[in-house]
Amino acid sequence: WQAHGGPPIPGGTGPPCPSCKVSTWVELGGGASPDVNRPNIDIASISGVDILHDLESGTIPLHDDHAERIKAIHLINHLTRDAARAILRECYRVLQPGGSLYMMVSDLEFVVQRLAEDGIRDEWLTCVYHGPNDADRMGFHKWGYSWATIKTELETAGFSHVSHLGYYNRWEFKLEARK
């Protein structure tokens with residue numbers, strides 16, 4: 001089930017915003033990954049995080065129409081449903097007209113099917129709960145999505161042209177939505 005498709009889009013630093021001079025390529029919840037967009041907004045106070053902020057608050061600390069692109073790799077599963085909905089609305093607010101939101105999301109529908117067919121197995125439970133040895137609750141998934149449910153959430157937040165971009169591993173898919 002692994003290495004089913006291509007990797008996520010690369011990170012980088014985009015052109016500066018004319019208003020605030022901060023890069024218009026934004027990463028949400030990128031942690032210590034070396035391949036993030038800058039600025040990287042995360043709750044973790046670690047190397048590689050540019051703006052320390054709790055996204056569970058449902059807010060993004062950037063002004064309206066700031067970002068050309070936003071990348072969020074596996075962020076949405078780590079937020080409660082209501083916080084995720086608020087963050088999707090915030091992404092829409094922060095994106096410039098025509099801007100894009102790129103996401104990778106665990107495919108709960110596929111994982112549930114695997115659990116039903118294969119039984120309770122660590123590799124599938126990890127896709128839901130994120131790991132049996134996570135010392136803190138930040139590692140745990142708080143909500144799950146299928147392609148249909150995340151597409152609906154994005155459209156409800158205002159996005160159009162929501163596209164499924166295929167799978168990275170069979171239990172996680174890539175998507176893009178445009179403002």
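The following exchange asks how individual labels attached to this predicted model are justified.

User: What kind of model is this, and which values count in it?

Analyst: This is a predicted model, in which local features need pLDDT of at least 70 and side-chain atom pairs count only at pLDDT 80 or more, while totals for chains, interfaces and linings use all residues. Residues are numbered from 1 along each chain as its sequence is written, and side-chain values use heavy atoms, with hydrogens and water left out.

User: How do you know whether cysteine 17 and cysteine 20 are bonded or too far apart for a bond?

Analyst: A disulfide is a pair of cysteine sulfur atoms within 2.5 Å. The sulfur of cysteine 17 lies 3.8 Å from that of cysteine 20, its closest cysteine sulfur, and is therefore too far for a bond. Cysteine 91 is in no disulfide either, since its nearest cysteine sulfur, again that of cysteine 20, is 16 Å away. The structure accordingly holds zero disulfides.

User: Why is cysteine 17 called buried?

Analyst: Buried means under 20% relative accessible area, exposed means over 50%, and partly exposed covers what is in between, computed with a 1.4 Å probe on protein chains only. Cysteine 17 has 3% relative accessibility and so counts as buried, and cysteine 91, with a relative accessible area of 1%, is buried as well.

User: What makes up the largest nonpolar core?

Analyst: A nonpolar core is a set of buried Ala, Val, Leu, Ile, Met, Phe, Trp, Tyr and Cys residues joined through side-chain atoms within 4.5 Å. The largest such set has 32 residues, and Leu28, Met103 and Leu154 have the most contacts inside it. Among the elements that give two or more residues to this core are β2 (25-28), β6 (67-73), α1 (81-94) and β7 (95-106), where helices (H or I, at least four residues) and strands (E, at least two) are DSSP runs numbered from the N terminus. The largest share, six residues, comes from α1. With contact meaning heavy atoms within 4.5 Å, methionine 103 is in contact with residues including Ala72, Leu88, Leu154 and Phe173, leaving aside its neighbours within four places in sequence. A second, separate core of six residues includes Phe110, Val111, Leu115 and Trp124.

User: Why are β5 and β8 said to stand at the edges of the sheet?

Analyst: Two strands pair if DSSP finds at least two bridges between them. Seven strands form an open sheet in the order β5-β4-β2-β6-β7-β9-β8, with mixed pairing. β5 (51-52) and β8 each have a single partner strand, so one side of each is left without a neighbour in the sheet.

User: How do you know which strands pair with β2, and in what sense?

Analyst: Three bridges join β2 to β6, and these strands run parallel, while β2 and β4 (residues 40-42) pair in the parallel sense over two bridges. Within these pairings, valine 26 has isoleucine 70 of β6 as its bridge partner, and glutamate 27 has asparagine 40 of β4. Both faces of β2 are covered, because Trp25 and Glu27 on one side and Val26 and Leu28 on the other are all buried by the accessibility cut-off.

User: What makes the buried residues of α2 lie on the same side of that helix?

Analyst: The buried residues of α2 (residues 108-118) are Phe110, Val111, Arg114 and Leu115. They cover an arc of only 140 degrees around the axis, which puts them on the same side of α2, the arc being that of the directions from the helix axis to the C-beta atoms. These buried residues pack against α3, whereas Glu109, Ala116 and Glu117 on the other side are exposed.

User: Which backbone angles are singled out at aspartate 65, histidine 74 and the bond before proline 39, and why?

Analyst: The reason is that most residues other than glycine have a negative phi, and most peptide bonds are trans. Aspartate 65 has a positive phi of about 60 degrees although it is not a glycine, and histidine 74 has a positive phi near 60 degrees. Arginine 38 and proline 39 are joined by a cis peptide bond, with omega about 10 degrees. Aspartate 65 is partly exposed, because its relative accessible area is 38%, whereas histidine 74, with 18%, is buried.
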